[in-house]
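Hello,

Here is the structure I said I would pass on. My notes on helix packing and cavities follow it.

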Amino acid sequence: MAINRQNQKTPMPEQRPEERVSNFEEVAHGYTAEMAQNEAARCLDCKHRPCVSGCPVNVQIPDFIKLITEGDFEGAYRTIRQTNSLPAVCGRVCPQEVQCEAKCVRGIKGEPVAIGRLERFAADYYMNSSTEKPDALRQNGHRVAIIGSGPAGLACAGDLAKLGYEVTIFEAFHAPGGVLTYGIPEFRLPKAIVEREIEMLREMGVRIETNMVIGKTLSVDELFEQGFEAVFIGSGAGLPGFLGIPGEGLVGVMSANEFLTRINLMKAYRDDYDTPVRHSKRAAVIGGGNVAMDAARCAKRLGAETVYVVYRRSEAEMPARLEEIHHAKEEGIEFIFLTAPVKIHGDEDGQVSALECVRMELGEPDQTGRRRPVEIEGSNHLIEVDTVIVAIGNTPNPLIRMTTPGLKTDRKGCVVVDENMMTSREGVFAGGDAVTGAATVILAMGAGKKAAAGIDRYIRAKSEGKEI
Amino acid sequence: MYRVLRKRVLNPSVTWMDVEAPLVARKAKAGQFVILRVNETGERIPLTIADYDREKGSVTIIFQKVGGTTRLLDTLEEGDYILDFAGPLGRPTEIEGVGKVAVVGGGVGCAIAYPAAKAFYNSGAWVDMISGFRSRDLIILEDEMAAVSRRLFVMTDDGSNGSKGFVTDKLKELLEQGESYDLVFAVGPVPMMRAVSELTRQYGVKTVVSMNPIMIDGTGMCGGCRVTVGGEVKFACVDGPEFDGHKIDWDEAVKRLSQYRREEQNCRLFGQI
């Protein structure tokens, strides 16, 4: 097939910004078959496959793209699914610009191939049209418990189920999905998609038990007593950080976790659900990551007239995905860079009235390689707001480490693992944000897969001689 | 799904429910709570575990109909199901090393004071219990509280049961008489817990209160339940819900209670009774 020489990505249809700021429906509509084939034809099918090396879960990118050019969309999906258990999710939320697409040769002169959009297309096509059921898997009689049904846990479960393990996932919330369900908003990742991906795991025999707060309802040791031979901790990084500045106890100051959980998990944006959520007129979101973008865009959709994103570094250092920053700007979110909050002011009722900030300048690079922001003295100023949403990062939840004797964690509370993702406790593995601190969906999935391989080796070694 | 095994009306606005939740019952201890959701469109709310029966696998919750969710919960009858019921969450009441304790309950807060009193009583401590209600018709759990205390003082604001006054009046009287408590444990509306804490501070008696702020997950994830204690931010769901009453920033706690009043639907365990 002839290579499409077009230098730009094939545009993906989207809801217009002025329309979408008043609804929670998905922003991007996805490619049609024709658009997908047009975009797929931009792939050079390079021999050395640089894109694959940029993928944390090793998706065979040129292979699936080739199948799209040939019109075998279901085949493309199956190729992705061989190494990625959540294609429809990854196509939407992966930071492709720093992974696969960053390595794409087409990106040297022009834009890289839109790998993420093509992955999304293949996954959506398959989900909408295929009636295939996963093959009945031969179970090997070994049981593995997974704590947390977020990206790490789901990826680990998917790989283990394929290997024949009987997998049970324990989820603390009433609905599975972890951050895919409580964190990422509907307009970026429709919950129906998350549910379908999870349904496919269930069809593979994975059991999911909700309302199970491991560390409280059951301990890790009790899971072993119940006959599980290995445990995977994928409990994420759910403990929100606060600023530690005066006024944080005022009404109208909340963590992005609280704000987003009310909206996404508890569907507070829908009239038919009971959960209340704060509707602000002027909101400030503190932080520069994807969570900050999500919170800002949710606040706007709930009717805020003005939403600021206040970030202490400059735009170049923002950790959010480019597409989210771009979408947020289109939706009228106002970015205030090189600015850090120092105090939150309140009125006599204890309600937020203003955010006091200082201006920053960039100094020498810090350990992360980003230039460290330094306060400009005497630059204090007030930004009038009624709501402050803190999105400066999360650390691992302490419940499991507090209740699992012998589980080693580092200074930040992250679980320490070896090269097989095994913790200091034999048979207990961990991966994802619980190990790394807050990172991305795809890195957590990569860790879950690696842990699945480690668990498989561990159980095989333990039952050596016996057939698995 | 969690079946309602037994329902009792304690007073026109307070209901007792035994819920089938064997895993929660197996681990439950006094002072802990559950997060429940009545149905798919319902809110997640915390309710303190008032009692439990490990053999039957049941957990008792006692709630006052103060908001949308508790009214919805109250529509359930025996044999009906609660959709979600997770726990036990929070730290249990610390009962060790307490020889003599005054347990103070205000209104429906007695539903939390009762299991605490029971835990102290069963550990061999001397328990004086003071409970307060607006009037005689609203008194709940009198027999239960009497069974787990050496002395029970039931006070009413209007004196309709013969003992007029606030719980703080009775507590002050006891402290003035020279009763020496290792601990005062208070639970009820925030203004009541604050008043108890301010009183006991004058007598130098250690005081623990049970905070029941707004929360959604109960596992440390949202931070909505944060309370400033001794200048440090604590999460009631994982660090509490019980804290040193002399160290709580009460001004802040009072204001935070009103968080979603504007948006309402907000259901809380404590209202004035």
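**Helix packing and one cavity**

Helices α5(A) and α8(A) are roughly perpendicular to each other, because their angle falls in the range of 65 to 115 degrees that counts as such. Please keep in mind that this is a predicted model.

The angle in question is about 115°, and the two axes lie 8 Å apart. Helix α5 covers residues 73-81 of chain A, and α8 covers residues 115-129 of chain A. The crossing of α5(A) past α8(A) is left-handed. On the α5(A) side the contact is made by Phe73(A), Glu74(A), Ala76(A), Tyr77(A), Arg78(A) and Ile80(A). Their partners in α8(A) are Glu119(A), Phe121(A), Ala122(A), Ala123(A), Tyr125(A), Tyr126(A) and Ser129(A). Sorted by class, this contact has 9 nonpolar, 1 polar and 3 charged residues.

A second pair is α13 (residues 256-265) and α14 (residues 290-301), both in chain A, with axes that come within 10 Å and cross at roughly 55°. That angle makes α13(A) oblique to α14(A). Here too the crossing is left-handed. Ala256(A), Phe259(A), Leu260(A) and Ile263(A) of α13(A) touch Val291(A), Asp294(A), Ala295(A), Cys298(A) and Ala299(A) of α14(A). The classes in this contact are 8 nonpolar, no polar and 1 charged.

The third pair is α9 (residues 151-162) with α18 (residues 441-462), again in chain A, packed at an angle of about 40° with axes 7 Å apart. The crossing of α9(A) and α18(A) is right-handed. From α9(A), the residues in contact include Pro151(A), Ala155(A), Cys156(A) and Leu160(A). From α18(A), they include Val441(A), Met445(A), Gly448(A), Lys449(A) and Ile455(A). The class count for α9(A) with α18(A) is 11 nonpolar, 1 polar and 2 charged residues.

On cavities, a search of the whole structure gives 6 of 30 Å³ or more. The second largest has a volume of about 130 Å³. Its lining is formed by 15 residues, of which Cys43(A), Leu44(A), Cys46(A), Cys51(A) and Cys104(A) are the closest to the centre. In chain A, α3 (50-53) and α4 (61-69) each supply at least two residues of the lining of this second largest cavity. The largest share, 3 residues, comes from α4(A). By class, the lining of the second largest cavity has 12 nonpolar, no polar and 3 charged residues.

Regards

Definitions and conventions
Residues are numbered from 1 along each chain as its sequence is written. Chains are lettered from A and ligands numbered from 1 in the order in which they are written. This is a predicted model: local features need pLDDT of at least 70, side-chain atom pairs count only at pLDDT 80 or more; totals for chains, interfaces and linings use all residues. Side-chain values use heavy atoms; hydrogens and water are left out. On a 1 Å grid over the protein atoms alone, a cavity is a set of points where a 1.4 Å probe fits but cannot get out, and a pocket is an open set with protein on both sides within 12 Å along at least five of seven lines; lining residues have an atom within 4 Å of a point. Grid points are joined across faces, edges and corners, and a volume is the space filled by probe spheres set on the points. Helices (H or I, at least four residues) and strands (E, at least two) are DSSP runs, numbered from the N terminus. Ala, Val, Leu, Ile, Met, Phe, Trp, Tyr, Cys and Pro count as nonpolar, Asp, Glu, Lys and Arg as charged, and the others, Gly among them, as polar. Axes are lines fitted to C-alpha atoms, for helices over the stretch in contact, and angles run from 0 to 180 degrees between N-to-C directions. Angles under 35 degrees count as roughly parallel, over 145 as roughly antiparallel, 65 to 115 as roughly perpendicular and the rest as oblique. A crossing is left-handed if the near helix is turned anticlockwise from the far one by less than a right angle, and right-handed if clockwise. Contact means heavy atoms within 4.5 Å.
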